[in-house]
Number of protein chains: 2
Amino acid sequence: MKVLLIGASGTIGQAVTDALSSDCEVIRVGHRSGDHQVDLSQPDQLRALFADVGPVDAIISTAGQASFGPLAQLSDDAFELGLNNKLMGQVNLVRLGRASVRPGGVIVLTSGILSRHPMPGSSAIAMVNGALESFVKAAALELDDVRLNVVAPAFVKETMVQMGMDPTHGISAADTAKAYLRALEPDLHGAIIDLPLDAAQ
Amino acid sequence: MKVLLIGASGTIGQAVTDALSSDCEVIRVGHRSGDHQVDLSQPDQLRALFADVGPVDAIISTAGQASFGPLAQLSDDAFELGLNNKLMGQVNLVRLGRASVRPGGVIVLTSGILSRHPMPGSSAIAMVNGALESFVKAAALELDDVRLNVVAPAFVKETMVQMGMDPTHGISAADTAKAYLRALEPDLHGAIIDLPLDAAQ
């Protein structure tokens, strides 16, 4: 299985790489590192990436920047970052990348649980996450040879430690990666996969 | 009660005007008609509107343009329209208008049921509607002197007739307007109000 992984150098992206079976070929894409570098907000860079890489079995995105901060202090630019990068960057992975995915393959995007369980300071990022989840549900109705799912991570323990937060209620990157493996399985299409994975999944 | 109604000339906006009690003062805002004209996607026009109008008890938006069409045919501009107009236009009503709403007042936005119940052709508009609903839930956590709700209309019968669709399963504009009156009531904050209103509401 040939997997194009956007966001490979991030905490979740590294864990997804580790979790993929050893017979997967993983093409690691980062903003500044990896096998290829792209700015997710630049459609021309995405077009060039897909032209370089050729056909794949899966595209997984663990990438996407958005701003966290009090509503009263969020600037126009803070909203634009989330809309151009995490939202339209990932929407454009579907629009521009679907032709590169072999029939029966899958595209997996990343939203976040703040879409449905917000906290103060999350209005811009919750907005973007909610947009991604509704986009995936709607777009999946029109994709019949490629599946499309979205993983909604909770706070990742390793990130919480980096930010000086108490990581007690976080979910490890390794456990978060399991949701991306779940998203690759052939029964899911148009699904929002929440963390932690419950027993039913 | 002084109500600033953005989208007053639309099918739903006219029905909301009719439904508001006769002792309400309604300031009707349209794109090209009404007491004031604004382009929802232009923050400077919103700033000028709020400066002109002064304090109000409620802002209701029944406005916002977004594109409907097959995912494979939606242009970059089609996505931009929804993001700049229906999404950020209404987000900016909150960001720029909250200071004009008297304490205890309310802001009511409009999303649409396609956020959670999409159909083919709705990927761009479902995305925008989902963004609005998650934004409202998150932003409400930070608004303590003004309430914020969002109405998620289903297809409006009158619009379906205009579009040549079978209106059997549509909801009339008059019934849709009831959801906006519900959104004004003091017990709702951060709520998504679906149509049809069920008995519990």
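Where does Pro196(B) lie in chain B? Select Pro196(B) and you'll land in the segment after strand 7 (192-194) of that chain. Keep in mind as you click around that this is a predicted model.

**Stop 1: the cis prolines**

Stay there and add Leu195(B) to the selection. The peptide bond joining Leu195(B) and Pro196(B) is cis, with omega about -5°. For background, most peptide bonds are trans. Now hop over to chain A and pick Leu195(A) and Pro196(A): the bond from one to the other is cis, with omega near -5°. Pro196(A) sits in the segment after strand 7 (192-194) of chain A.

**Stop 2: the axis**

Zoom out and show both chains. How does chain A map onto chain B? Turn chain A by 180°, with a shift of 0.0 Å along the axis, and it can be laid on chain B with an RMSD of 0.0 Å. That's the relation of a two-fold axis. To find the axis on screen, select Ala131(A): of the residues of chain A, its C-alpha comes closest to the rotation axis, at 2.1 Å. While you're at it, colour the interface. The copies meet through the same surface, because 100% of the interface residues of chain A are also interface residues in chain B.

**Stop 3: the nonpolar core**

Next, the largest nonpolar core, which has 76 residues. The ones with the most contacts inside it are Leu4, Met127 and Phe135, from chain A and from chain B. Take Leu4(A) as your way in. Setting aside sequence neighbours within four places, Leu4(A) is in contact with a list that includes Ile27(A), Val29(A), Leu49(A), Phe50(A) and Ile60(A). Val53(A), Val56(A) and Ala58(A) are also among the contacts of Leu4(A).

**Stop 4: a buried lysine**

Now select Lys2(A), in strand 1 (residues 2-6) of chain A. Which side chain of opposite charge is nearest to Lys2(A)? That's Glu25(A), 4.5 Å away; Lys2(A) is buried yet has no salt bridge. With a salt-bridge cut-off of 4 Å, that pair doesn't count. Show what surrounds Lys2(A): leaving aside neighbours within four places in sequence, its contacts include Glu25(A), Ile27(A), Val53(A), Pro55(A), Asp57(A) and Arg102(A).

**Stop 5: helix 6**

Last pick: Asp175(A), in helix 6 (residues 173-184) of chain A. Asp175(A) is partly exposed, with a relative accessible area of 35%. Its side chain makes a polar contact with the side chain of Lys178(A), at 2.9 Å. Then draw a C-alpha to C-alpha distance from Asp175(A) to Val156(A): the two are 19 residues apart in sequence and 9.1 Å apart in space.

Key
Residues are numbered from 1 along each chain as its sequence is written. Chains are lettered from A and ligands numbered from 1 in the order in which they are written. This is a predicted model: local features need pLDDT of at least 70, side-chain atom pairs count only at pLDDT 80 or more; totals for chains, interfaces and linings use all residues. Side-chain values use heavy atoms; hydrogens and water are left out. Helices (H or I, at least four residues) and strands (E, at least two) are DSSP runs, numbered from the N terminus. Buried means under 20% relative accessible area, exposed over 50%, partly exposed in between (1.4 Å probe, protein chains only). Lys and Arg count as positive and Asp and Glu as negative; His and the chain ends are not counted. Contact means heavy atoms within 4.5 Å. Copies are superposed by least squares on the C-alpha atoms of residues with pLDDT of at least 70 in both. A nonpolar core is a set of buried Ala, Val, Leu, Ile, Met, Phe, Trp, Tyr and Cys residues joined through side-chain atoms within 4.5 Å. A polar contact is a pair of N or O atoms within 3.5 Å; within protein, one must be able to donate a hydrogen and the other to accept it, and residues adjacent in sequence count only if both atoms are side-chain atoms.
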